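Please look over the sequence and the three-dimensional structure shown here before reading on. The report that comes after them is meant for a reader who has not met this structure before.

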Amino acid sequence: MVPALVLLYLGLKSVQRQRDAINALLVSNLRLSGEKLASELEHQTAQLAGACLREVAEVDVGTSDGRQIRLQFERLRERHPIAGYFFLLEGNSVCYPRLRTPPPRQLDSYATSEDPAGGKKFAALFREAEDQELRLDHPEQALAGYRRCYELPTAASLKALALSRVARCCQKSGRPGAAQQAYRTLLENYGDLHDLSHRPYALAAGFEVEQTPARQAQLYRDLVGGRWELSAEQVEYFLSRLTSPLPDAARAATAPRAPVSGRAGPRAEVSHFAGTGRSSAGSEPDAGGDYLGRFEFARALEAGFRHRGPLGSGEVYTYALAGGQSGYQTYYRLVPTGAGRDSLLGFAVNLKWWEQNLLPQCRARLAIKEDVRVVWKGVPGAAPPGRAGAEVLVALPGIFPFLDLSLSPSPGATWSDTTRRGFLVYTGSTLLIVAVLIMGILLLTRDVSRESQLNQVRSDFVSAVSHELKTPITLIRLYGETLLEGESFPEQERRGFYQIITREAERLTHLIDRVLTFSRIESGQQQYHLQEGDLRLVVARTLEVYGQYFKQRGFSLTADLATSLPLVRFDPDGVSQALLNLLDNAAKYSGDSTEVDVRLRGLDGNVILEVEDHGIGIPPEERQKVFEQFYRVPAGAVKGGYGLGLFLVRHIMEAHGGSVEMESGCGGGSRFRLVFPALSELKA
Ligand code: ADP
């Protein structure tokens, strides 16, 4: 037991040491994989960014048309999904995405740029009408003037400008119907164009025409979907105008179709855009559809982007910028914008794409099996714990200082799994050893107690046998001496003495026979010579020899032996001994009764030899035990004997392929039945 417990202790200790070793190994493996992955990611990101920025030379950033720039960026983004928000910086001010609205356009230059042929005439007429409207306050005349402008065969943008003034003058001169008509035309035909203050006609007119939820929702979708290239200021302004009067139902209708994914709805977007509590979208820009996110990025750019040191043309630089959820990683380079000026053109990495595409690619390339997640630094709740305790954070020092890679062991490789296995093996085997030990101890104890019991029984046996031998020997000697000394005994008496001597000698023989048979059985040398025959003969002879002795002891023996019996195979000496043992017991345990019946008959393919007495019987709990060697029912032990009779009977019957059955009740006599399997049917 003590060694087993020591073994258990050592086993558990070793499991613990093993766990610590595996722990350390796993952590260092995880760290190694993480560092490999981090450097591969940095390398790949830089490569992809470089490839994208090499192509920006094709982008015409000189144009003042923001929409043009945006379309070029979108085409670029299709080829380079690494790029999230593009930006253009002049000095430290952000030119794209535009934060502030440029100053209003000058009519003359605008008109000639839009319509080089007729722009001048349009400008003159328009100015005249404007004079009537604004200075002289004659809306009617002004209206006529604007209408003439509108009817001129000129550029659509100029027509739209004239039409917007027509609508305004209709309003002023008390013609709301005509005004609505004009606004609707503006909305429907010139919606994409911008007025002199850079406002889209669709929005400017949209606020004037009769508001319906569907129209509001459409304008909202257009706005957040990026239909117009606007400044951040404008977007904020229009959003507040569009969403504040929007009924809930309309908002609900618009929300699912809003092109910005993963957000709650228009109002949430406005507040996100205003920079209050934006939670995730800033850090996960959509490939191109996140029109509002770019403004937040632009604000972060203006507030936080500072390039240090001289810039080399053609070089790609990188800068991590705080903002959004945690930050943006930008790549940029110098591009000439004409007129000897240079700008910085770059983009913020599309982290969603990076995490969902580049990360798995690099992981697969390096054959990293561990689970890898991206964890935002300093964002509460952004890093839910991985598999219990088994997590290693690896920084990306060159890029993304605001996020870490979290690596946890792939399932099945955690130390908890390994140690659990070790623990089970150790405890299991130790428990097994303990169980085997306990069993051994139990068996040993049982064996020892059996041995001592057997010793006791043997010594009892020796004294019982000696005692049993003593009586006949004493009698034989006594009568022998009497016969020798006194010569003048009458014939009758002398005969009596001889009979006693013969009887006791027979008893002695029987006793010795029993002991010898037992000792032969013990040493495995007992042999039975089975031969085919009729049991009746041997039974009758035994009864004849023993009956005499039986009667002399005052017993009456009734024998009922069937005359025609099936043949059985038997050993005559064995059968005779078995019958004698049973008769002997019947006499010994007869109590007050003196009758013993012996029956021999055939039944159900067996030949049955039955000995019945009416003596003290055997208590039920002793019935199995009486057939064991040396066993004697404690109450009957006084009768002499040594617990071998029934043991021999059973042994003899087993050698005959038969059995011994017993019926007995306490005080009601006993019936022993020897069952011999019959060889054939009735003897002819
Ligand atoms: P023993 O030499 O003691 O008679 P046996 O093996 O013949 O040994 O019998 C075992 C025990 O069975 C006896 O001690 C006795 O108590 C009981 N027994 C055997 N035969 C009878 C019987 N006919 N009537 C009552 N008890 C019996």
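The sections below treat the ligand site, a strand pair, two individual residues and some backbone details in a model that is predicted.

## The ligand and its surroundings

Twenty residues surround the ligand, and those that come nearest are N585, Y589, D613, R632 and L646. Sorted by character, the residues of this shell divide into ten nonpolar, six polar and four charged.

Three distances describe how oxygen atoms of the ligand meet the protein. An N or O atom in the side chain of K588 is 3.1 Å from an oxygen atom of the ligand, while for the side chain of Y589 the corresponding distance is 2.8 Å. L646 takes part through its backbone, with an N or O atom that lies 2.8 Å from a ligand oxygen. On its own the ligand has 530 Å² of accessible area, and the protein covers 99% of this. The elements that give two or more residues to the shell are the helices α18 (572-588) and α19 (645-655), together with the strand β15 (670-677).

## Strands β14 and β15

Strand β15, which contributes to the ligand shell, pairs with β14 in the antiparallel sense over six bridges. One of the bridges links S664 with its partner S670 in β15. The two strands form a hairpin with five residues between them, and in the turn G667 has a positive phi of about 85°.

In a regular strand, side chains alternate between the two faces of the sheet. In β14, which spans residues 659-664, V660, M662 and S664 make up a covered face, whereas S659, E661 and E663 make up an uncovered one.

## R514, a buried arginine

R514 has its place in helix α16, which runs over residues 491-522. Its relative accessible area is 4%, and R514 is therefore classed as buried, since that term applies under 20%. The side chain of R514 is joined to the side chain of D584 by a polar contact of 3.0 Å. Not counting residues up to four places away in sequence, R514 touches Q577, N581, D584, Y642, G645 and L648.

## S593 in a loop

S593 is found in the loop between α18 and β12 (595-603). Although S593 and H614 are 21 residues apart along the chain, their C-alpha atoms are separated by 5.9 Å. When neighbours within four places in sequence are left aside, the contacts of S593 are F555, H614 and G615. The side chain of S593 also reaches the backbone nitrogen of E595, at a distance of 3.5 Å.

## Backbone details in three loops

Most residues other than glycine have a negative phi, and most peptide bonds are trans. Against that background, a cis peptide bond joins Y96 and P97, with omega at about -10°. P97 is placed in the loop between β2 (93-96) and α3 (107-114).

Two residues other than glycine have a positive phi, with a value near 60° for D137 and near 70° for H198. D137 is found in the loop between α4 (119-135) and α5 (139-151), and H198 lies in the loop between α7 (176-189) and α8 (201-206). Are these residues buried or exposed? D137 counts as exposed because its relative accessibility is 53% and the class begins over 50%, whereas H198 counts as buried because its relative accessibility is 11%, a value under 20%.

Definitions and conventions
Residues are numbered from 1 along each chain as its sequence is written. This is a predicted model: local features need pLDDT of at least 70, side-chain atom pairs count only at pLDDT 80 or more; totals for chains, interfaces and linings use all residues. Side-chain values use heavy atoms; hydrogens and water are left out. A residue is near a molecule or strand if one of its heavy atoms lies within 4 Å of it. A polar contact is a pair of N or O atoms within 3.5 Å; within protein, one must be able to donate a hydrogen and the other to accept it, and residues adjacent in sequence count only if both atoms are side-chain atoms. Accessible areas come from the Shrake-Rupley method with a 1.4 Å probe; for residues, only the protein chains shown count as cover. Helices (H or I, at least four residues) and strands (E, at least two) are DSSP runs, numbered from the N terminus. Ala, Val, Leu, Ile, Met, Phe, Trp, Tyr, Cys and Pro count as nonpolar, Asp, Glu, Lys and Arg as charged, and the others, Gly among them, as polar. Buried means under 20% relative accessible area, exposed over 50%, partly exposed in between (1.4 Å probe, protein chains only). Two strands pair if DSSP finds at least two bridges between them. Contact means heavy atoms within 4.5 Å.
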